[in-house]
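Reader: Could you show me how to read salt bridges and surface patches in a model like the one below?

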Amino acid sequence: EKVLKVIEELGFKPNLYASLLATQKERVISCIIPEHLPGEFWSLAEKGISDAAILVSRYGIRVETVQYDQYSHESFRSACASVLESNPSGVLLAPIFREETICFANQLTDKGIPYIYLDTKIDESGHLAYFGMPMYQSGILCADILCGGSRIPEIVYVVRIARDKLGLSDPTASRRAGFMDYMADHHPKTRIVSVFVNPKDKEQIWKTLDETIGADEGQKFIVMFNSRIHIVADYLASRGQKGNRVIGFDMLEKNMEHLRAGNVQALVTQHTDKQAVDAVNALADYILLGTPVSKKDNFTQMDILTKYNCEYYL
């Protein structure tokens with residue numbers, strides 16, 4: 001009675017995190033992301049995951065990263081199988097293969113394992129939350145930047161990555177849909193030409209671009225919906241082609257170099273590292289305390305960088 005009286009008088013509230021830590025029970029968050037090289041898009045996400053791992057480790061949560069080949073659905077299946085076998089407390093997932101993702105999501109649900117999507121989401125699943133850019137709207141924004149303030153393009157080249165041979169992966173499909181809907185509504189006479197390149201084969205890239213984009217005279221309108229617009233910018237710079245309208249995504253240093261040089265006119269960017277930190281923290285709160293994520297869709301702001309403001313982007 002004396003203890004309870006003092007607790008009431010002092011307004012003491014127990015530290016739930018400390019109490020959970022005292023149980024000495026380890027909890028694991030598995031993060032499934034594509035394989036990548038330093039400086040590529042997913043290295044930003046991995047940095048955020050590493051930063052978040054330090055934060056949640058004080059509460060007895062271990063964060064592990066499992067990577068997969070984004071051009072191989074078998075690699076993705078293998079990564080998902082290994083995570084399921086380890087039976088984690090929660091999963092952070094960057095999905096690229098739609099059908100395999102839905103299957104994996106259903107398995108997580110059956111096992112009662114909460115999961116959060118990062119960067120891309122599959123709506124037809126029971127995910128806890130999504131952290132990333134509003135993909136459809138980002139496609140609309142891209143189209144508006146491409147066509148705003150300039151003549152109506154007769155042709156727009158959409159440079160796309162040739163992915164798995166079965167065509168099962170298409171992570172930018174929603175973004176492309178937003179772009180196409182905007183063009184259909186505002187510039188229905190503009191012809192959209194898709195150009196597929198293999199990012200691992202420079203010779204094939206340049207040959208393909210020579211046969212498509214390089215054959216077009218005058219100002220060219222070019223977009224790429226992932227983080228590799230630097231591929232196109234490299235080509236244009238090497239061919240001495242200037243005065244084009246080129247729009248891409250993400251603040252990779254290679255992209256930023258071409259932005260500064262004027263080979264790319266604008267980048268639609270996001271803080272992927274901060275998204276990853278927020279996603280891991282939200283998953284940790286749910287695992288430890290059962291705290292629901294306040295919003296299912298946690299959209300990041302869509303920032304527009306040009307050569308005039310890119311040096312001030314933090």
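Author: What follows takes up charged pairs and then a nonpolar patch, in a model that is predicted.

Reader: How many salt bridges does a search of the whole structure find?

Author: A salt bridge is counted where a side-chain nitrogen of Lys or Arg lies within 4 Å of a carboxyl oxygen of Asp or Glu. Here, a search of the whole structure finds 11 of them, among them the pair Glu74 and Arg77, with 3.0 Å from N to O.

Reader: Where do Glu74 and Arg77 sit in helix α4 with respect to one another?

Author: Because they are 3 residues apart in helix α4, which spans residues 73-86, about one helical turn separates Glu74 from Arg77. Glu74 is partly exposed, at 45% relative accessibility, and Arg77 likewise counts as partly exposed, at 40%.

Reader: How exposed are the two partners in the salt bridge of Asp123 with Lys121?

Author: Exposed means over 50% relative accessible area, and partly exposed covers the range from there down to 20%. The closest N and O atoms of Asp123 and Lys121 are 3.3 Å apart; Asp123, at 52%, therefore counts as exposed, whereas Lys121, at 23%, is partly exposed.

Reader: Which residues are linked in a network of salt bridges?

Author: Such a network joins Glu26, Arg62 and Glu64.

Reader: And which residues make the nonpolar surface patch?

Author: Val3, Leu4, Val6, Ile7, Leu10 and Phe12 together form a nonpolar patch of about 620 Å² on the surface. Val3 belongs to helix α1, residues 2-10, and counts as exposed because its relative accessibility is 60%.

Key. Residues numbered from 1 in each chain as written. Predicted model: local features only at pLDDT ≥ 70, side-chain atom pairs only at ≥ 80, totals over all residues. Heavy atoms only, no water. Patch = residues over 30% accessible without salt bridge, like charges linked within 9 Å, V, L, I, M, F, W, Y side chains within 5 Å. Areas by Shrake-Rupley, 256 points an atom, 1.4 Å probe, with all protein chains shown as cover. Helix = DSSP H or I, 4+ residues; strand = E, 2+ residues; numbered from the N terminus. Buried < 20%, exposed > 50% of the residue type's maximum accessible area, 1.4 Å probe, protein only.
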